[in-house]
Structures are given as C-alpha cells and as structure tokens.
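The exercises below are to be worked with the sequence and the model at hand. Please attempt each task before reading its solution.

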Amino acid sequence: MSGEFRVGSELNEESEGAKILHPKSGYELYFLYEKKLEHPDFKLHFKIPLDSSTAEPENRKMLVTERDYSAYPLKLRKLFADIWRRGEIVQYVEVGPGLGGFIDYASDYAFDVGAPKPIAIDLVNYSLLGEMLECARNLDLKYLSKNSALGVRVNERFDTLVDRCRIILDSERVCFYNMDIREAVNNVEGLVGCADVVIDNFGPCLYTGTEKNVMKLEKKLSAPWGVFFVNDGKG
Ligand SMILES: C[S@@+](CC[C@H](N)C(=O)[O-])C[C@H]1O[C@@H](n2cnc3c(N)ncnc32)[C@H](O)[C@@H]1O
C-alpha cells in the first residue's frame with residue numbers, strides 16, 4: 001500500500017460520485033455518476049501533478065486517460081491491423097500510454113507473431129493508479145446499489161483498468177520505462193532508433209508548451225524507416 005487515501009464525495013446537479021485523493025503524491029481520482037442522462041453513465045478520471053522537465057510551469061496537472069483501443073485514431077488502427085495480418089515483426093513504442101488500450105493489443109500482437117515486446121514510456125505510477133482504482137471499486141456507493149446494470153458495468157470497467165495497470169507492469173508482456181520521455185531518450189541505452197512505429201496519442205506532446213522539442217525527442221526513438229504517429233487532437 002502506498003500510504004493513505006482520502007475519500008470525499010462529489011455532488012452537484014449533474015453528477016454525484018467520489019473523489020479519491022492520495023495527498024502524498026497529489027494523485028486524484030474522480031469517479032462521477034451522471035444523474036441527468038437518459039441512460040445513466042459514469043466517468044472516471046485521474047489527475048496527476050506534472051513535474052516534468054518537458055512541462056511549462058503553468059501546466060502542472062494532467063489527465064491520465066483510459067481511452068479504449070477502439071477510440072485510438074482509425075489511421076493507427078488500420079496500420080496496426082495490416083501489420084498484424086501480414087505477420088510482420090515490428091517494434092512498437094508508445095509514449096504516454098496512460099490507461100489507454102493500445103499497449104494490451106500490441107502485447108497480444110507481439111506474442112502472436114513473435115515480435116519484440118512493445119515498449120511503453122510513461123512517468124505515471126501504475127501501482128498507485130491500480131490501488132486507487134481498487135479503492136474506488138470497494139466504495140459502497142448508494143446509487144450503484146440502486147442500479148445494478150450500471151453497477152455491473154462500473155465493476156467491469158474497474159477490472160479492465162486494473163488489468164491495464166498490471167499488463168504495463170508485467171515485464172513478460174511489456175518493456176516499461178517508468179520515466180519522463182526526456183530521461184528515457186537521454187539515458188536508456190538502446191532506445192534511440194529502436195522503433196518501427198512510435199505512437200504518442202494525447203501523450204507528452206499534448207501536455208507541453210515545448211511541443212516541438214518533445215516531438216524531436218520522440219522522433220529519436222524511431223528507426224530511419226520508422227513511422228512516427230502523433231495525435232494531440234489538433235488534426
Ligand atoms: C492523456 S494520457 C493519454 C493516454 C493514452 N495514450 C490515451 O490515448 O488515452 C497522457 C499520458 O502521457 C503521460 N505523459 C505526459 N507527459 C509525459 C512525459 N513528459 N513523459 C512521459 N509520459 C508523459 C502521462 O503520464 C499520461 O499517462
């Protein structure tokens with residue numbers, strides 16, 4: 001256990017839910033139930049302090065999102081599906097995977113075709129994210145006990161996300177560098193030029209004002225023939 005969590009409730013007109021804080025690290029997990037929607041739904045989001053060498057001072061909090069693989073850009077999914085179908089041996093690197101679903105697929109692909117394990121570079125503490133998700137899952141929230149279908153979906157989501165934390169931390173499945181992109185590029189032997197495909201999907205490029213510098217660093221990961229794929233939502 002990484003120390004104490006503080007649990008509070010979040011209530012407003014549109015939503016109610018829980019807020020789980022880990023004061024020592026400044027990590028926050030918001031778990032919100034949307035009351036007004038016709039079909040009740042929920043949202044989970046993590047905010048973490050950003051003390052990165054690549055961050056601008058005014059941009060010190062960021063979200064760790066949990067986008068499913070199906071919500072990654074179509075262009076990337078098509079490239080990935082073609083490579084897998086042809087059984088090509090490709091080294092993937094995802095910078096800033098957060099709780100996104102790409103790495104799970106890339107790890108299955110690597111196992112399937114005998115490619116090297118995907119490389120993930122992220123500064124977030126996945127053990128702590130996992131513990132906070134478990135903590136949220138164990139809260140006895142009234143509205144969930146009233147709505148069992150939603151309760152089931154919520155629990156399934158927690159399980160998926162806890163699994164994603166486990167997969168990233170499983171050295172049999174993923175080669176994970178738990179550090180800032182700058183540190184990884186400058187200090188990890190063998191990373192520069194290692195990748196056939198480099199992906200930054202709403203990762204460091206989104207969170208820094210020195211976007212060009214981050215992009216330059218990420219490009220260094222790519223082999224001369226490599227594909228560099230960045231999506232910062234700006235098209
Ligand atoms: C918004 S999430 C994106 C998650 C996922 N790729 C997706 O598409 O949902 C941003 C992730 O980038 C990571 N990140 C941001 N800046 C970083 C940096 N300078 N070095 C390493 N990771 C960074 C964060 O820790 C976070 O997990």
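Five exercises with worked solutions follow.

The structure is a predicted model, in which local features need pLDDT of at least 70, side-chain atom pairs count only at pLDDT 80 or more, and totals for chains, interfaces and linings use all residues. Residues are numbered from 1 along each chain as its sequence is written.

**Exercise 1. The protein as a whole**

Task: State how many helices and strands the protein has, and what share of its residues is buried.

Solution.
- Step 1. Helices (H or I, at least four residues) and strands (E, at least two) are taken as DSSP runs, numbered from the N terminus. On this basis the protein has seven helices and ten strands.
- Step 2. A residue is buried if 20 or more other C-beta atoms lie within 10 Å of its own, exposed if 12 or fewer, and partly exposed in between, with C-beta atoms placed from the backbone. Of the 235 residues in the protein, 36% are buried.
- Step 3. Two residues are in contact if their C-beta atoms, placed from the backbone, lie within 7 Å. Among contacts between residues at least 6 apart in sequence, 63% join residues at least 24 apart.

**Exercise 2. The largest nonpolar core**

Task: Determine which residues of the largest nonpolar core touch the most other members, and which helix supplies its largest share.

Solution.
- Step 1. A nonpolar core is a set of buried Ala, Val, Leu, Ile, Met, Phe, Trp, Tyr and Cys residues joined through C-beta atoms within 7 Å. The largest one has 50 residues, and V93, I121, L129, M132, I168 and V198 touch the most other members.
- Step 2. Helix α3 (residues 126-137) gives the largest share of this core, six residues.
- Step 3. At least three residues of the core come from each of domain 1 (6-49 + 126-166) and domain 2 (69-124 + 178-231); the domain bounds come from an automatic or database domain assignment.
- Step 4. Leaving out residues up to four places away in sequence, M132 touches F5, I20, H22, Y27 and L29.

**Exercise 3. Two helices**

Task: Compare the spans of α2 and α3 with the expected values, and list the buried residues of α2.

Solution.
- Step 1. The expected span of a helix is 1.5 Å times one less than its number of residues. Helix α2 (residues 102-113) has twelve residues and reaches 17 Å from its first C-alpha to its last, close to the expected 16 Å.
- Step 2. The end C-alpha atoms of α3, which also has twelve residues, are 16 Å apart, in agreement with the 16 Å expected.
- Step 3. In α2 the residues F102, I103, D104, A106, S107 and A110 are buried. These buried residues pack against β6 (92-95), β7 (119-121), α5 (148-169) and β9 (195-201).
- Step 4. G114, just after α2, takes a positive phi of about 75°.

**Exercise 4. Buried positions and their partners**

Task: Decide whether L161 is buried or exposed, and do likewise for D122.

Solution.
- Step 1. L161 lies in helix α5. It is buried because 20 other C-beta atoms lie within 10 Å.
- Step 2. L161 is in contact with E66, L99 and L133, neighbours within four places in sequence being left aside. L161 and L133 are 28 residues apart in sequence, and their C-alpha atoms are 7.8 Å apart.
- Step 3. D122 is in the loop between β7 and α3. D122 is buried because 25 other C-beta atoms lie within 10 Å.
- Step 4. Not counting residues up to four places away in sequence, D122 touches G96, P97, G98 and N178.

**Exercise 5. The ligand shell and F202**

Task: Identify the residues that come nearest to the ligand, and find the sign of phi at F202.

Solution.
- Step 1. A residue is near a molecule or strand if its C-beta atom, placed from the backbone, lies within 6 Å of it. Of the 22 residues around the ligand, R67, G96, G98, G100 and P204 come nearest.
- Step 2. Strand β5 (residues 61-64) gives the most to this shell, with three residues.
- Step 3. F202 is in the loop between β9 and α7 (211-219). Phi of F202 is positive, near 55°.
- Step 4. Most residues other than glycine have a negative phi.
- Step 5. F202 counts as partly exposed because it has 19 C-beta neighbours inside 10 Å.
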